2 protein chains.
Amino acid sequence: MINYLGRDVPDYVEGYGKVKHYLGAFKTVPEGTAYGPPIKAASPRRSKFYPNLTDLFKGLGLKSGMTFSFHHHLRNGDQVVNMVLDTAAKLGLNDLAVSLTAAFPTHAPMIGHIKSGVVTSLRTSGVYGPLAAAISGGVLPKPVIFHSHGGRPRSLKSGELKVDVAIIAAPTADDRGNLSGAVGKSACGSLGYAFGDADHATHVVAVTDNLVDYPLLPASIGQNKVDHVVLVESLGDPQGIVSGTTKVTKDPVGLVIADLAAKAIKASGLLKNGFSFQTGAGGASLAAAHYVGQMMREAKVKGSFALGGITGYMVDMLEEGLFGNLYDVQSFDLESVRSMSRNPNHVEVSADLYANPFNSGCLVNDLDAVILGATEIDIDFNVNAITGSDGVLMGAAGGHPDTAAGAKMTVIVATLLRSRLPIVVDRVITATTPGETVDVLVTEYGLAVNPSRPDLKDRFVKAGLTVKDIHELKRLAEDLAGVPEKLTFDGPIVALVEYRDGTIIDTVRAAGQ
Amino acid sequence: MINYLGRDVPDYVEGYGKVKHYLGAFKTVPEGTAYGPPIKAASPRRSKFYPNLTDLFKGLGLKSGMTFSFHHHLRNGDQVVNMVLDTAAKLGLNDLAVSLTAAFPTHAPMIGHIKSGVVTSLRTSGVYGPLAAAISGGVLPKPVIFHSHGGRPRSLKSGELKVDVAIIAAPTADDRGNLSGAVGKSACGSLGYAFGDADHATHVVAVTDNLVDYPLLPASIGQNKVDHVVLVESLGDPQGIVSGTTKVTKDPVGLVIADLAAKAIKASGLLKNGFSFQTGAGGASLAAAHYVGQMMREAKVKGSFALGGITGYMVDMLEEGLFGNLYDVQSFDLESVRSMSRNPNHVEVSADLYANPFNSGCLVNDLDAVILGATEIDIDFNVNAITGSDGVLMGAAGGHPDTAAGAKMTVIVATLLRSRLPIVVDRVITATTPGETVDVLVTEYGLAVNPSRPDLKDRFVKAGLTVKDIHELKRLAEDLAGVPEKLTFDGPIVALVEYRDGTIIDTVRAAGQ
């Protein structure tokens with residue numbers, strides 16, 4: 001079946017089932033009613049506490065075939081996923097489904113658990129490191145489901161993702177299950193991706209290395225949603241949990257792109273009082289934020305909010321008054337962790353509020369501009385954020401499809417070549433974000449505008465920006481690097497790319513290793 | 001059918017259906033799964049705004065037979081209920097079910113809507129004023145269901161209460177549906193009772209008289225849960241919404257009772273570091289808090305939290321450091337409204353977190369002591385909080401059954417006589433809180449201890465408090481006032497008293513008027 005985007009997606013995929021095909025970015029609407037998890041009860045003074053994971057597994061009678069969920073706020077410092085899966089393996093469990101909002105190099109031990117049959121399936125927004133290569137090589141018996149940050153709370157609400165055991169890595173907790181990420185030796189800031197798990201899982205388990213006196217307050221997730229609390233020695237490596245200060249790029253090419261992206265935002269007419277903005281934590285994205293900030297300062301523009309994964313750079317903009325508020329679903333660095341715990345205008349938000357298309361209105365819908373990266377972009381403005389030019393898994397859908405769909409202007413920033421291969425191609429190897437939601441591509445050789453947005457093109461031309469046709473950028477890239485060999489992937493399907501609305505927008509077939 | 005508590009409750013009640021009988025305070029456990037409301041969606045930039053209620057009704061196609069829910073944070077200043085029902089009447093709707101968390105004299109116009117068939121049923125935690133008398137007289141075609149504050153979120157979660165249209169009176173809102181009660185001309189503080197409505201209703205409608213720039217932050221209820229925003233000129237009368245400063249009683253009898261209640265708490269051994277406490281906003285309850293505060297000061301006890309409806313008196317205790325935190329489901333006065341908006345240790349909580357017995361653990365479960373009132377208490381310590389000695393509706397279940405069930409020590413404070421009638425009786429006219437959850441009755445003539453708590457009695461005797469048998473207090477009351485004429489109520493059932501677990505603990509039959 002060739003879907004709406006021209007991608008070849010089977011109607012049925014072994015290990016997944018019947019496919020609901022992608023129909024366009026805003027075409028699929030929700031059906032039916034929300035999943036209702038089992039209703040719980042708690043008697044006064046019943047203990048929720050377990051001294052270790054083994055006792056928890058035995059106490060709850062956790063067994064093979066269950067679905068375990070995890071969140072990635074501890075990023076590459078996380079050891080909770082490994083601890084829990086090691087415990088499962090030790091106790092002889094197998095055929096576990098894992099939902100981990102993003103997987104990092106620290107999660108490489110999961111490869112062993114996959115090979116031994118402890119873990120047989122995975123849902124995630126992205127995979128980095130050895131696990132990515134192993135999945136590309138076909139290590140998992142069932143295809144990985146890649147979701148967006150907004151798609152995941154949607155799947156929890158719809159019941160497509162039913163979680164038996166939600167493991168919430170809690171940098172601070174009390175023994176009644178009030179949780180916070182703001183403080184503790186493993187502080188990670190926002191716990192926003194885990195909120196939906198606490199609302200929907202059959203067993204909600206907090207794992208903490210910092211148990212404090214009752215009641216912990218303010219708490220991000222309350223005792224009315226947490227069933228069990230487990231104390232462990234350490235959640236992981238603080239160095240990997242948050243970086244120091246996230247820095248603006250010094251790479252001159254990156255600065256050229258950032259400057260042009262900022263000018264495009266200014267020329268769009270969106271940069272006025274009430275301006276709302278999201279950008280990634282990459283060096284070039286931060287540089288674009290830096291230039292946008294300068295323009296706001298000069299034009300005395302007071303923005304309304306910045307959104308998404310938050311860095312110290314956005315905190316500075318908040319504190320300077322360039323933005324009134326920060327909505328934080330994930331805190332990238334120490335400065336954002338500190339800011340969230342002390343500034344009432346820097347608030348933690350759930351992934352549902354952040355980006356779920358199927359609720360009463362998520363925040364990405366109110367974004368003016370978003371700056372996003374890409375591993376590839378094609379002449380129809382479809383973006384690949386998951387696989388490299390070699391088809392191997394190397395990135396994350398994350399909030400990419402969500403913010404692109406919501407923002408008034410979606411800007412992709414990318415160098416024209418990456419590892420000496422053109423970024424602009426006829427057809428992306430993997431489509432993660434549909435072209436109809438992407439407005440502008442900014443490269444160091446100029447920008448290209450989606451033909452669906454002649455209004456933007458006019459504004460950019462009038463502002464004197466270097467506007468090129470995307471085909472022209474593609475030819476330029478090919479002049480520089482040569483026309484790349486056309487790769488074909490006909491191995492087994494190793495991953496399905498789920499669009500934020502729950503349809504399958506593309507597949508990923510085995511490659512590389 | 002004579003139930004576990006000896007109350008005569010039919011198996012089937014016209015206008016209600018099959019009755020689930022009360023089996024004991026902790027005997028009924030939840031069954032099955034939570035109600036899943038319709039899944040919603042919101043396109044970017046779709047407006048949620050309606051300029052008035054008539055347009056809202058027409059726009060949503062609201063119709064006869066629907067269930068409308070309201071919360072009572074605006075108390076006797078509320079005009080939102082009246083406006084909405086007037087609009088429904090004007091548009092010809094009838095047979096509406098109303099869920100209003102508590103009804104006040106300001107809601108007297110509902111009597112007219114009941115008589116004309118616009119409103120045919122009511123769920124509430126309590127009714128005050130003309131509506132109470134009218135219901136006691138049998139004005140409603142279906143029996144009123146009285147619930148506790150914890151029972152209501154339970155019934156929303158179980159789907160027993162299915163809300164078509166949740167009306168959230170929002171003292172401040174933006175046009176995307178972020179809501180707050182902390183500021184605005186109709187500021188009421190916490191919106192805690194409305195949280196569950198936002199989670200479960202088919203249409204979630206915010207009605208505001210203070211529309212502010214997007215995004216409103218901090219917001220109590222977020223845009224991901226609110227479907228529509230309606231602007232009206234005024235939510236009601238600020239004088240009736242919050243009182244000025246709530247004051248400790250000066251009545252000498254009230255002070256005697258308060259002093260003894262405080263001494264009982266001290267003698268119980270609970271008054272140590274970590275002490276948690278709830279008390280009502282009545283003058284005698286506040287006086288008891290005053291004495292408890294003095295004891296904490298003297299003994300250098302640092303309490304953990306105070307809970308429930310919050311008054312300036314509790315705010316003073318927070319600010320003095322006597323308690324570390326306040327959990328606020330309802331802010332009674334201006335001082336508590338102000339405190340909640342500026343003090344991070346004074347937090348707004350949902351009714352679910354406050355008191356729902358069927359979640360992972362509500363706050364009342366962690367109360368050490370609660371001080372509650374009563375209109376009657378019987379020799380088995382069953383408490384009536386809903387009807388007077390004449391059987392006429394005059395009060396509220398509120399958080400009474402919830403806190404009694406959760407707290408380590410539940411203290412009822414009451415004068416031995418009320419309107420020259422004994423408070424202590426053989427059998428309460430209406431049972432709202434079961435005796436097994438009530439530990440101590442404190443009167444101006446001494447206190448009585450539930451025989452199930454010999455440990456407390458020992459402590460009180462050792463502390464030299466005036467301990468009496470409850471039969472003795474009853475006799476004393478009868479000596480003073482005479483044995484009251486035994487009233488029998490054999491009129492039609494006008495109300496059912498739902499225990500917090502969803503069973504029916506008692507009925508109220510027509511009386512008075």
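**Entry 1. The two chains together**

I began with the contact between the chains and found that chain A and chain B bury about 4200 Å² between them, with 55% of this area on carbon and sulfur atoms. I note here that the model is a predicted one. I then looked up how many residues take part: chain A gives 53 residues to the contact and chain B gives 53 residues. I recorded that 100% of the interface residues of chain A are interface residues in chain B as well, so the copies meet through the same surface.

**Entry 2. Relation of the copies**

Which rotation superposes chain A on chain B? I found a rotation of 180°, with 0.0 Å of shift along its axis and an RMSD of 0.0 Å. This is the relation of a two-fold axis. I also asked which residue of chain A comes closest to the rotation axis. The residue is A:Gly36, whose C-alpha lies at 2.5 Å from the axis.

**Entry 3. Polar and charged links between the chains**

I looked up the salt bridges across the interface of chain A and chain B, and there are two. One of them is the pair A:Asp366 and B:Arg176, in which the closest N and O atoms are 2.8 Å apart. As a general point, side chains of opposite charge can pair when their charged atoms come close. For polar contact across the interface of chain A and chain B, I recorded 34 residue pairs, both residues being at pLDDT 80 or more.

I next asked which elements of chain A supply at least two residues each to the side that touches chain B. They are helix 5, strand 14 (303–310), strand 15 (323–331), helix 12 (351–355) and helix 13 (400–406). By class, I listed 26 nonpolar, 16 polar and 11 charged residues on this side of chain A.

**Entry 4. Domains of chain A**

I turned to chain A by itself. The domain assignment gives domain 1 as 62–241 and domain 2 as 252–493. Their C-alpha centres lie 28 Å apart. I found 30 residues of domain 1 of chain A in contact with 32 residues of domain 2 of chain A. The area buried between these two domains is about 2300 Å², and carbon and sulfur atoms give 60% of it.

How many salt bridges are there between domain 1 of chain A and domain 2 of chain A? I recorded one salt bridge. I also looked up the salt bridge between the side chains of A:Lys157 and A:Asp352, with a distance of 3.4 Å from N to O. The count of residue pairs in polar contact between the two domains is 19, both residues being at pLDDT 80 or more.

On the side of domain 1 of chain A that touches domain 2, the elements giving two or more residues are helix 4 (130–136) and helix 5 (151–158). Helix 5 of chain A provides the largest share, four residues. I divided this side of domain 1 by class into 13 nonpolar, 14 polar and three charged residues.

**Entry 5. Salt bridges overall**

Over all chains, I recorded 36 salt bridges. I looked up A:Arg152 and A:Asp197, whose side chains meet in a salt bridge at 2.7 Å, N to O. This pair links distant parts of the chain, since A:Arg152 is in helix 5 and A:Asp197 is in helix 6 (residues 195–200), 45 residues apart.

How values were computed: Residues are numbered from 1 along each chain as its sequence is written. Chains are lettered from A and ligands numbered from 1 in the order in which they are written. This is a predicted model: local features need pLDDT of at least 70, side-chain atom pairs count only at pLDDT 80 or more; totals for chains, interfaces and linings use all residues. Side-chain values use heavy atoms; hydrogens and water are left out. Domain bounds come from an automatic or database domain assignment. Contact means heavy atoms within 4.5 Å. Buried area is the accessible area (1.4 Å probe) that two parts lose on being put together, summed over both. A salt bridge is a side-chain nitrogen of Lys or Arg within 4 Å of a carboxyl oxygen of Asp or Glu. A polar contact is a pair of N or O atoms within 3.5 Å; within protein, one must be able to donate a hydrogen and the other to accept it, and residues adjacent in sequence count only if both atoms are side-chain atoms. Ala, Val, Leu, Ile, Met, Phe, Trp, Tyr, Cys and Pro count as nonpolar, Asp, Glu, Lys and Arg as charged, and the others, Gly among them, as polar. Copies are superposed by least squares on the C-alpha atoms of residues with pLDDT of at least 70 in both.
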